[in-house]
Structure formats: C-alpha cells, structure tokens
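Reader: Hi! Could you pick one part of this molecule and walk me through it closely, in plain words?

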Amino acid sequence: MDENCNCNKCTKGSCDLCTTIIADPADPLEHGARLLTVKIKVCNVCFDKKVAVAVIIYDECGKILAFRGFTKKICRPNECDENACGTIQRKLVFVLPAGDEFDPSKLKIVVKANYIY
C-alpha cells in the first residue's frame with residue numbers, strides 16, 4: 001500500500017461491505033421460482049491465458065431470463081506438452097421464474113467465451 005494514501009483502514013463499523021443483513025428466508029413455492037442447473041464445457045482453451053465465459057438463458061420469445069459470467073485461467077499441468085490445450089468445465093445454477101407458461105424444454109441456453117487481455 002502506498003505511504004501517501006489517505007485511505008482509512010476498513011473496520012466493521014466504517015465499511016458498508018462488512019455489515020450484516022438479516023433477512024427472512026424466501027419460500028420458493030410461494031414466490032414461484034425454479035432452479036435450473038447448466039453444465040458448461042469450453043474445449044481447446046490455451047493454457048495461461050485468461051478467458052471470459054458468459055452463459056445466457058432465453059425463453060422461446062427471445063427474452064433474457066438469466067445470465068451469468070465468470071473468468072478463468074487454466075494453468076499448464078506440466079511443461080512437457082507445450083502444444084496442448086485445456087478445458088473449462090463448470091456447473092452453474094440459475095433461479096428462474098416459475099409458472100404454467102414456463103416450459104424448461106423451450107429454453108435456449110447460449111455460452112460465449114473469449115480471451116481477454
């Protein structure tokens with residue numbers, strides 16, 4: 001940390017991120033929500049490069065219901081195979097609205113990945 005920085009040290013009383021929020025648990029049946037688990041796999045990823053991955057869930061009308069993104073860097077397991085590629089695998093859980101008009105089989109799930117930096 002820079003000596004000339006005039007920043008105050010974070011304490012539990014001075015930082016909004018350190019406060020605790022007390023909330024009653026939500027009943028998914030009452031509020032009508034469903035959980036959808038999506039397993040993604042991105043193959044042929046170069047080692048030691050940062051990758052941004054986005055998962056977007058659309059309904060049958062093209063409306064975005066949920067989205068999530070993350071970044072990942074795959075480290076080389078050994079130095080012997082310099083031309084090898086890696087694979088990113090992850091399981092994401094989404095909370096989607098429930099209802100009679102909601103049909104999970106009609107969802108469109110799109111995964112986009114790109115190198116960053």
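Author: Let's begin with Leu35, which is exposed at a relative accessible area of 66%. Here "exposed" means over 50% relative accessible area, "buried" means under 20%, and "partly exposed" is in between, with a 1.4 Å probe and protein chains only. A quick word on the ground rules: this is a predicted model, where local features need pLDDT of at least 70 and side-chain atom pairs count only at pLDDT 80 or more, while totals for chains, interfaces and linings use all residues. Residues are numbered from 1 along each chain as its sequence is written, and side-chain values use heavy atoms, with hydrogens and water left out.

Leu35 sits in strand 1, which covers residues 33–45. Strands are DSSP runs of E with at least two residues, helices are runs of H or I with at least four, and both are numbered from the N terminus. Together with Val93 and Val95, Leu35 makes a nonpolar surface patch of about 300 Å². To join such a patch, residues need over 30% relative accessible area and no salt bridge; nonpolar side chains (Val, Leu, Ile, Met, Phe, Trp, Tyr) are linked within 5 Å, and like charges within 9 Å. A salt bridge, by the way, is a side-chain nitrogen of Lys or Arg within 4 Å of a carboxyl oxygen of Asp or Glu. The areas come from the Shrake-Rupley method with a 1.4 Å probe, and for residues only the protein chains shown count as cover.

Stay in strand 1 and you'll meet Lys39, which counts as exposed at 70% relative accessibility. Lys39 is 54 residues away from Val93 in sequence, but their C-alpha atoms are 8.8 Å apart in space. Setting aside neighbours within four places in sequence, Lys39 is in contact with Arg90 and Lys91, where contact means heavy atoms within 4.5 Å.

Further on there are two backbone oddities. Most residues other than glycine have a negative phi. Asn44, still in strand 1, has a positive phi near 60°, and at 59% relative accessibility Asn44 counts as exposed. Asp48, in the loop between strand 1 and strand 2, isn't a glycine either, yet has a positive phi of about 65°. Asp48 is partly exposed, with a relative accessible area of 42%.

That loop leads us to strand 2, residues 50–58. In a regular strand the side chains alternate between the two faces of the sheet. Strand 2 shows this nicely: Val51, Val53, Val55 and Ile57 point to one face and are buried, whereas Lys50, Ala52, Ala54, Ile56 and Tyr58 point to the other and are not.

Who are the neighbours of strand 2? Strand 2 belongs to an open sheet of three strands in the order 3-2-5, with antiparallel pairing. Strand 3 (64–73) and strand 5 (108–115) are at the edges with a single partner strand each, so one side of each has no neighbour in the sheet. From one strand to the next, the twist averages 15°; for such angles, axes are lines fitted to C-alpha atoms (for helices, over the stretch in contact), and values run from 0 to 180 degrees between N-to-C directions.

Two strands count as paired if DSSP finds at least two bridges between them. Strand 2 and strand 3 have nine, in the antiparallel sense. In strand 3, Ala66 is the bridge partner of Ile57, Phe70 that of Val53 and Thr71 that of Ala52. These two strands form a hairpin with five residues between them, and Gly62 in the turn has a positive phi of about 90°. Over to strand 5: strand 2 pairs with it in the antiparallel sense over eight bridges, and Ala52 stands opposite Asn114 there.

Now zoom out. The protein chain has one helix and five strands, following the pattern α-β-β-β-β-β along the sequence. Of its 117 residues, 20% count as buried. The chain exposes about 9,600 Å², with carbon and sulfur atoms supplying 51% of it. Finally, among contacts between residues at least 6 apart in sequence, 71% join residues at least 24 apart.
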